[in-house]
Amino acid sequence: MREILLALVLVAALLLIPWAWKAFSWIWLKPKKLEKCLREQGLKGTSYKFLFGDIKEMMDSVKAARTKPMDRSHQIVPRVMPFLHDKVQKYGKTHFTWFGPNPRVNITDPDMIRDILSNKFGHFEKVATPLERKLVTGLVGYEGEKWAKHRRIINPAFHLEKLKMMLPAFHISCHEMVEKWQKLVANESCELDVWPELRNLAADVISRTAFSSSFEEGRRIFQLQNEMATHLMQSSRFMFVPGYRFLLTKKNRRMNEISQEMRSLLLNMILRREKVMKAGRLQNNDLLGLLLESNFKEMSGNTRNAGITIDEVIDECKLFYIAGQETSATLLVWTMICLSMHQDWQEKAREEVSQIFGSQSPDFEGLNHLKIIY
């Protein structure tokens, strides 16, 4: 019996040793070897820290930057990317840092960036962790022929004539927000945090222009994606722990629930829309309708593997939110800050809008005549 037990222990040890060696190589030997190679090539950067690299320092620097008052200037990098700003000052415009056990060469020189993204250096691979793919999917993560096919199908939805049709949806969302603000100051002045207001505005605009006939469901998807982004940020320091995303933690379970609910909402919207489109009862004046219309045309050809699948349509719909909501809201907030800093331009912009539109609702032709605003 003792000999059998000893034999089992030896077998287990023999099985575990190769796995343990691979793990040790992945989290220590390989990163240290890469660090040595990078330094031999003349690059400067941070020293590798076991498993997590610089993730903790990145997160701590963001928290520290946000505890300080923001300077009223366009020098925003120390505020929004404090870790990168610090390393550029310390190691130069081209340096390396560590995202878990993987080195990341940061390039901030515009000419070098242009060369890398051109065809001179061949293919530029997009990299994302499995956790990141829970939030960011679709065109932005594809490569080669798949990327070209998706772009070909999506492009018609963003042609100028198609965007003109969405102007009424833009106007409704903006009007509702301004009307709400006017009610707040009807009797007395008040202080208003415009950041959440403008984030909601961007979400409403995307909900209306992407899913006009399913507006409330579109709003729910926005709420779920915001929650997912929060959970991913909180889990970012563990994303390089092998198998972490499979652990049944409260956060991981909630992220899986969010993914399933978003997929279910989008799938039902897409199937309903396909049904009415095939019956010829709906004008395709929102992004989902335009995307499905373009996909139908692609599939109607004789090209092999034409069109995209339902799951890929779902991914593109999720990307509409990620790509548009945060960027638009941030730009609007910064525009308001700049107008507050330069009130002479605020007056010029107000006069121009009053002169061109008066009390009328904005239209596309009028927008083309705005010079100061643009």
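**Figure 1. Contacts along the whole chain of this predicted model.** Take the contacts between residues at least 6 apart in sequence: 63% of them join residues at least 24 apart. Counting up the secondary structure of the protein chain gives 16 helices and three strands. The C-alpha trace spans about 90 × 55 × 50 Å along its principal axes. What share of the 374 residues is buried? Buried residues come to 33%. As for the surface, the protein chain exposes about 24,300 Å², and carbon and sulfur atoms supply 59% of that area.

**Figure 2. A close-up of the open sheet built from three strands.** Read across the sheet and you get the order β1-β2-β3, with mixed pairing. Which strands stand at the edges? They are β1 (44–45) and β3 (102–107). Each of these has a single partner strand, so one side of each is left without a neighbour in the sheet. Helix α4, made of residues 82–91, lies across β1, β2 and β3. Compared with the direction of β2, helix α4 runs at about 135 degrees.

**Figure 3. Zooming in on the hairpin of β2 and β3.** Strand β2 covers residues 94–99, and it pairs with β3 in the antiparallel sense over six bridges. You can pick out some of the partners by eye: Phe99 has Asn102 of β3 as its bridge partner, and Thr97 stands opposite Arg104 in β3. How many residues sit between the two strands of the hairpin? There are two. Have a look at Gly100 in the turn, too, which has a positive phi of about 70 degrees.

**Figure 4. Pro31 and the residues it touches.** Pro31 is found in helix α1, which takes in residues 2–40. Is Pro31 buried or exposed? Its relative accessibility is 1%, so Pro31 counts as buried. Setting aside residues up to four places away in sequence, Pro31 touches Ser25, Trp26, Tyr48, Trp98 and Pro101. Try finding Trp98 in this view: Pro31 and Trp98 are 67 residues apart in sequence, yet their C-alpha atoms are 9.0 Å apart in space.

**Figure 5. Where helix α7 packs with helix α13.** Helix α7 holds residues 144–154, and helix α13 holds residues 287–300. Their axes are 8 Å apart and make an angle of about 120 degrees. That angle makes α7 oblique to α13. Which residues meet here? From α7 come Lys149, Arg152, Ile153 and Ile154, and from α13 come Leu291, Ser294, Asn295 and Glu298. Sort the residues of this contact by type and you get three nonpolar, two polar and three charged.

**Figure 6. Arg208 and its contacts.** Arg208 lies in helix α10, a stretch running over residues 194–210. Why does Arg208 count as buried? Its relative accessible area is 15%, and buried means under 20%. What is Arg208 in contact with, once neighbours within four places in sequence are left aside? The list is Ala169, Ile172, Ser173, Glu176, Phe215 and Asp286.

Conventions
Residues numbered from 1 in each chain as written. Predicted model: local features only at pLDDT ≥ 70, side-chain atom pairs only at ≥ 80, totals over all residues. Heavy atoms only, no water. Helix = DSSP H or I, 4+ residues; strand = E, 2+ residues; numbered from the N terminus. Buried < 20%, exposed > 50% of the residue type's maximum accessible area, 1.4 Å probe, protein only. Contact = heavy atoms within 4.5 Å. Axes fitted to C-alpha atoms, helices over the stretch in contact; angles between N-to-C directions. Parallel < 35°, antiparallel > 145°, perpendicular 65-115°, else oblique. Nonpolar A, V, L, I, M, F, W, Y, C, P; charged D, E, K, R; others polar. Areas by Shrake-Rupley, 256 points an atom, 1.4 Å probe, with all protein chains shown as cover. Pairing = 2+ DSSP bridges.
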